Amino acid sequence: MSDILQHLDGMLAQRKLADPASSYVASLHHKGLNKILEKVGEEATEVILAAKDAGDDPRALVGEVADLWFHTLVMLSHLNLDSAAVLECLQQRVGVSGLEEKASRT
């Protein structure tokens, strides 16, 4: 399953360096972190709204979550990170109670 994430990581790394006129991802990078964060926030709001209506059309929710994940990957790429860092963090949390994990942050 992480094959698609690896593919996206590679594509995002390439497009980060592309001409902003020829690539949506490059245009986001060119506009800077604040624009990317704005897109992440916009997509998060759209996920929330789609989740409220998920009973009517769960496919819309899945599409909005895909948009959020994509823009989050763009954000990671902009910060010179990729999905592997997130997957590693999730792997470390497997088997750890959510309450324990939260308590360990303080």
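These legends accompany an overview and four close-ups of a predicted model.

In this predicted model, local features need pLDDT of at least 70 and side-chain atom pairs count only at pLDDT 80 or more, while totals for chains, interfaces and linings use all residues. Residues are numbered from 1 along each chain as its sequence is written, and side-chain values use heavy atoms, with hydrogens and water left out.

**Figure 1. The protein chain has six helices and zero strands.** Helices (H or I, at least four residues) and strands (E, at least two) are DSSP runs, numbered from the N terminus. The pattern along the sequence is α-α-α-α-α-α. The C-alpha trace spans about 45 × 35 × 30 Å along its principal axes. Of the 106 residues, 26% count as buried; buried means under 20% relative accessible area, exposed over 50%, and partly exposed in between (1.4 Å probe, protein chains only). A contact is a pair of heavy atoms within 4.5 Å. Among contacts with a separation of 6 or more, 59% join residues 24 or more positions apart.

**Figure 2. The largest nonpolar core has 14 residues.** Such a core is a set of buried Ala, Val, Leu, Ile, Met, Phe, Trp, Tyr and Cys residues joined through side-chain atoms within 4.5 Å. Leu12, Ile36, Leu73 and Val74 have the most contacts inside this core. Helix 1, helix 2 (24-31), helix 3 (33-52) and helix 4 (58-78) each supply at least two of its residues. Helix 4 gives the largest share, five residues. In soluble globular proteins, nonpolar side chains tend to be buried together.

**Figure 3. Leu12 sits in helix 1 (residues 2-16).** Leu12 is buried, at a relative accessible area of 1%. Not counting residues up to four places away in sequence, Leu12 touches Val25, His29, Phe70, Leu73, Val74 and Ser77. Asn80 follows 68 residues along the chain from Leu12, yet the two C-alpha atoms are separated by 11 Å.

**Figure 4. Val74 is in contact with residues including Leu12 and Ile36.** Its other partners are Val25, Leu28 and His29, leaving aside neighbours within four places in sequence.

**Figure 5. Ser77 lies in helix 4.** Ser77 is buried, with a relative accessible area of 9%. Beyond residues up to four places away in sequence, Ser77 touches Leu12, Ala13, Lys16 and His29. The contact with Leu12 also appears in the list for Leu12.
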